Amino acid sequence: MINITLPDGAVRQYESGVTALDIAKSISEGLARKVLAAKVNGQVVDATRPIKEDSTLQLLTWTDTDGKATMWHSSAHLMAEALEALYPGVKFGYGPSIETGFYYDIDLGDRTISDEDLKKLEAKMVELAKQNSAYQRKEVSKADALQYFSTKGDEYKVETINELQDGAITFYTQGGFTDLCRGPHIPNTSFIKAIKLTNIAGAYWRGNEKNKMLTRIYGVTFPSQKELDEYVTLIEEAKKRDHRKLGKELELFTFSEKVGLGLPLWLPKGAMLRERLQSFMQKAQLESGYLPVVTPHIGSKQLYVTSGHYEKYGKDSFQPISTPEEGEEFLLKPMNCPHHCEIYKSSPKSYKDLPVRLAEFGTVYRYEQHGELHGLTRVRGFTQDDAHLFCRPDQVKEEFIKVIDLVLYVFRSLDFTDYTAQISLRDKEDRSKYIGSDENWQLAEQAIIESAAEKGLNTVVEYGEAAFYGPKLDFMVKDALGRKWQLGTIQVDYNLPERFELEYIGADNQKHRPVMIHRAPFGSLERFVAVLIEHCAGKFPLWLTPTQVKVLPISDKSLIYAEKVAELLKKAEIRAEIDDRNEKIGKKIREAELAKIPYMLVLGEKEATDGVVAVRRQAKGDLGTMPLEQFIGLVNDEVVNRRPFE
RNA sequence: GCUGUUGUAGCUCAGGGGUAGAGCACUUCCUUGGUAAGGAAGAGGUCGUGAGUUCAAUUCUCAUCAACAGCUCCA
């Protein structure tokens, strides 16, 4: 007999060799019907694997992330089975589960597959799922594994097996399909009730652009049709939040082929929104001891040779522009830090002067590959809320923590709660991508890790995500469609001070090297606005929104009163507009609602007579009448406290 | 940059070998209307661009540009 400890702490006894599924059945049949996989001693395994020693056990169902992942991974196998049935000879790459759903990379040879084919494939999957095929695990020797896939002619699997250790290779078979797989899998295909294949895309074999491009089919499955319907609704809602769509509708920004790809044009409403964000940041920075600086949009090529940017990105950047006579070369600035280093150097510094915090909304230009451009989130010209802190080594941590505080203050002020703090470190294998000594990197990494820990940040570590001159603490958020973007970033840098030979005179009257902290809480204004739009679905908080109040006279008869009200609102520094068109009130309201104007004042003869305003709140409706002063007080309160829209 | 899909009016989209259509927006007139679309008339497009096939191309073919999805990249 063995002891099984359940999540609630209860310990039950079972025969050795019992499976998680057996245990589930012993608890209740209903539970057993829902079990997708099991976590035994912290490891996710098949619910049908025998347990032979005392263990802790958690039964995984659809509500567990690992349960979903197992189901989706099994769904990838089901899709592979369907593919093989419909397209004999198809070869398979990788087929993992992802955050929502799964994909499988396949090689169809000369054939192509279209969106219409996905319907057939879905139908085949449904048909196969109904056969209740069990997912059967089998341990195989490396030789046998190679033999199987060589015979089958699947070179991708052969390549994968060649890199595996003998003795650690398993196959899973369901129905007539066998795949190389570590597992785990759901007990059988009947759990997969609703299937949606979402899209087809190309993907390089093993993610390397030098390799052959395979066809990737994405899909998602659910335990019932109801959940699939909910998912479809969710996707539709997300699409409505897309900042590219809302940016157009709300007249915030536009693009022009003639101006150039990835070069956003800010329309008046968007520009004003941007300016408000800038003033907000400037105020916060002034309070935190930052000093403003302004630098030009171009800099001598030599500047970037010194910084190392030229060597690293020179050929993948906009190429230098040169003077007509002398042929001097200048680069559009891709970074503000070299300029700021030169500002630091413009006067000798004492240890008493540090830290020096130089801030600039610096517009930078980077060549991004054509296929990378994406709305405002990935552009070729953008403005960073950049600053560089030059400090003594003993000040690094304190400064770093203050910057974290600032970033968190910004996020809080804008109601951003869903973000992750990512510690971006060097690639473990390839160190050639980075400049500077190991010692400096270790110091920088340590400063970041310690500061993040001290602030109690929830962090994830990502290797290979560091900048070439130093590690970063990146604040990541997701867009409406679940794509992850880096917003704020804080970087510790021991390398640029060396390259620029930055110095200060210490208390010992000797020259010392300062440490630099690069930081941008918004990251770029473009990306930040994009994410903000999606975050609030275009319903900006009152302090940011372009038009705060729309004054709606019911007819010409109340026009004079309405104009007076609009005038008084403007005097109170409230962004008010009047809709004096010859239209019915219903239409004016509808349009203001669709434009997501937070407040509407409906003014007719009654209000004019009583000297009050009838207030309507976007999406909420009529709030009744009140004196204008009271309404102004309401608006000011909402603005001062930076309340979110709802 | 790579693979795939798409490109028709300011916007959203229909159509299809014989030189184009809807809704919204816009203009004018009528209407002075009380909390999400009042009525009528009108204006607006060489169907992304360039070639080819054809008596004839916006429609078919090719190239090119751009957008979208994914991959790769991201100081």
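Let me start with helix α18, which gives the most to the surface near RNA strand B, with eight residues. Near here means that a heavy atom of the residue lies within 4 Å of the strand. Helices are DSSP runs of H or I with at least four residues, strands are E runs of at least two, and both are numbered from the N terminus.

This is a predicted model, in which local features need pLDDT of at least 70, side-chain atom pairs count only at pLDDT 80 or more, and totals for chains, interfaces and linings use all residues. Residues are numbered from 1 along each chain as its sequence is written, chains are lettered from A and ligands numbered from 1 in the order in which they are written, and side-chain values use heavy atoms, without hydrogens and water.

Which residues come nearest to RNA strand B? Of the 51 around the strand, they are M335, E372, N582, R590 and E607. By type, the surface divides into 17 nonpolar, 13 polar and 21 charged residues. Asp, Glu, Lys and Arg count as charged; Ala, Val, Leu, Ile, Met, Phe, Trp, Tyr, Cys and Pro as nonpolar; the others, Gly among them, as polar.

Now the polar contacts, meaning pairs of N or O atoms within 3.5 Å. R590 has a polar side-chain atom 2.5 Å from a base nitrogen of RNA strand B. For the side chain of Q369, an N or O atom is 3.1 Å from a base nitrogen of the strand. G202 uses a backbone N or O atom, 3.4 Å from a sugar or linking oxygen of RNA strand B. Elements giving two or more residues to this surface include β14 (194-204) and α18 (585-594).

How values were computed:
Polar contact = N/O pair within 3.5 Å; in protein donor to acceptor, adjacent residues only side chain to side chain.
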